[in-house]
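Let's walk through how to read a couple of features together. Have the structure open and follow along.

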Amino acid sequence: MLEVKEIWKVFNAGTVNEKQALRGVSLTLKDGDFCTVIGGNGAGKSTLLNAVAGTWAVDGGSISIGGVDVTHLPDHKRAPYIGRVFQDPMLGTAPTMQILENLALAARRGQRRGLRWGVTKAEKEQYQEMLKNLDLGLEDRLTSKVGLLSGGQRQALTLLMASLKKPKLLLLDEHTAALDPKTAAKVLELSDRIVAESHLTTMMVTHNMKDAIQHGNRLIMMYDGKIVIDVSGEEKKKLTVPQLLELFSKVSGSDEADDKLLLS
Amino acid sequence: MLSFLNALPGAMSQGLIWGIMAIGVYITYKILGIADLTVDGSFCTGGAVFVMLFSGGANVWAAMLAALLAGMLAGLVTGLLNTQCGIPAILAGILTQLGLYSVNMAVMDFKASVAINVTQADTLEKLLVSLRFVQGAIRGDFPLWRHPILVVGLFTVGLIALLYGFFGTELGCALRATGSNGSMARAQGIDTDFCKVLGLMISNGLVALSGALLCQYNGANEINVGRGAIVIGLAAVIIGQVLFSKLFHNFALKLLAVAIGAILYYIVIQAVLAVGLNPNYLKLLSALVVAVFLSLPYWKGKYFHAKVKTGGASHA
């Protein structure tokens, strides 16, 4: 479903802040794969996700989604294939627009937008039903501005929006990092539910090793712009946090990085 | 006092005309979050295109349509400078505005002022609005329905209805999303650059249309007519917001509030003039009023703390 081949990215090239963020990363995800991505700060996790989403162009390599080469497409042209939830709850929704309008915008992700009505009556009922299933108390607040919602509510709404029109690929970029533990757990549970229900191919970046092990069928760890660990299937199911740490120090050849990972 | 009351219908008519420009400013400033300075130039462009075409014998509606299109073209230039050349929106607007001065002069045949021959009855008859209709419609020289307050009022209501409809469409929603949150919009596949350009075009089209109406009202277009238009537009937007934000939540009513804001602005100006202020101080006064009203929300956030709502179920 996703095929990333040898992608490279340098930030601030030619300056003292030059950062080689991705060094020839390759990754192939099969249809229905749920891959968690972990790594320390600056390892390249979010960079990898942004490269796939098309936030900027990569310096080298190619990316294709569902057989379509998207390497040279800007982010809004990749939107037909990709659903996204950002780390910052502010980024995924339009705060000055209604819950209803946000959902309607998401339902038309990647479609031509013309002079038909932006929200139809049939949609309104459909969304009300969907929000009821989310159990966030939002079903009676369809016309509320999204800016009035809490961070957790926004992330849950963004998740719903990302999956409203089934994407070929769902990108979750530390989408629970800005939430309190209880809310984070709830949003994570919801993510699992949505991914399973719609059978979505998913990449989830997380700081939390336990979450990375518990969720999904595949786990990759990044270090210094490369994928250093890649486990899946039965092997991943049996994985524990200490094992993962040990594995990591073997690959990266240092102990201090462990602390960085644990602390972050 | 009597002179002020006498001037009131005229002030309201002018306010209504400027209100259309203010609605254009509202689209860029409030919906897209861009302070677009193009309007100082495109307002005059509208008047210039109108006066030349109308004087050349064109139909009044055709000339107004041409003015609208010319304004949209000005918006297109600012939009392309901003989105395709990476020039910050404010600077892009200033560049277009500066360039438009020469363009407007060229359109007006390098004359600082071009008049419509309103002393000729059949020419006057063809105009949609004129300052001569303000008293004339009351006195009975013209039918009552030709009163500028009525004509421009209806025109404004029509425009608001059109805009209300447009911003409810998929494309209109995309434009609002672009202004509300660019990264969300792009994640939904919205071409935010296109939406910005489109918004700037619609806005400047309305501004130029307003310029064309004012040109008819005054019976002439003058090269400096748009100077400070952005400030008048902002004043109208802010006055409308301050007075009606608690009352009007519907988008159409918000646009109506902007139009009313412009009328109130002109009534205040008329009052100040009636008191005997030198008209040359008007621009300073406008600048001060807008500066104060723009500062208010900032001061409010800094020195006064809003009551925090407590209670209510805490959802995830």
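Q: How many disulfides does a search of the whole structure find over all chains?

A: First the general idea: a disulfide is a covalent bond linking the sulfur atoms of two cysteines. Keep in mind that this is a predicted model. Here the search over all chains comes back with zero disulfides.

Q: Why is there no bond for C44(B), and how far is the closest cysteine sulfur?

A: To call a disulfide, we need two cysteine sulfur atoms within 2.5 Å. For C44(B), the closest cysteine sulfur belongs to C215(B) and sits 9.1 Å away, so that is too far for a bond.

Q: And what about C85(B): which cysteine has the closest sulfur?

A: That would be C195(B), but its sulfur is 19 Å from that of C85(B), so again too far for a bond.

Q: Are these two cysteines buried or exposed?

A: C44(B) is buried, at 1% relative accessibility, whereas C85(B) is exposed, with a relative accessible area of 51%.

Q: Let's switch to a charged residue. Where is R113(A) found?

A: Look in chain A, at the loop between α3 (99-107) and α4 (121-134).

Q: Which side chain of opposite charge is nearest to R113(A)?

A: A salt bridge needs the charged atoms within 4 Å. The nearest candidate is E170(B), 6.8 Å away, and R113(A) is buried without a salt bridge.

Q: Which backbone oxygens does the side chain of R113(A) reach?

A: It reaches the one of R108(A) at 3.2 Å and the one of L105(A) at 3.4 Å.

Q: Beyond its neighbours within four places in sequence, what is R113(A) in contact with?

A: Its contacts include L105(A) and R108(A), and from chain B E170(B), L171(B), A174(B), Q188(B) and I190(B).

Key. Residues are numbered from 1 along each chain as its sequence is written. Chains are lettered from A and ligands numbered from 1 in the order in which they are written. This is a predicted model: local features need pLDDT of at least 70, side-chain atom pairs count only at pLDDT 80 or more; totals for chains, interfaces and linings use all residues. Side-chain values use heavy atoms; hydrogens and water are left out. Helices (H or I, at least four residues) and strands (E, at least two) are DSSP runs, numbered from the N terminus. Buried means under 20% relative accessible area, exposed over 50%, partly exposed in between (1.4 Å probe, protein chains only). Lys and Arg count as positive and Asp and Glu as negative; His and the chain ends are not counted. A polar contact is a pair of N or O atoms within 3.5 Å; within protein, one must be able to donate a hydrogen and the other to accept it, and residues adjacent in sequence count only if both atoms are side-chain atoms. Contact means heavy atoms within 4.5 Å.
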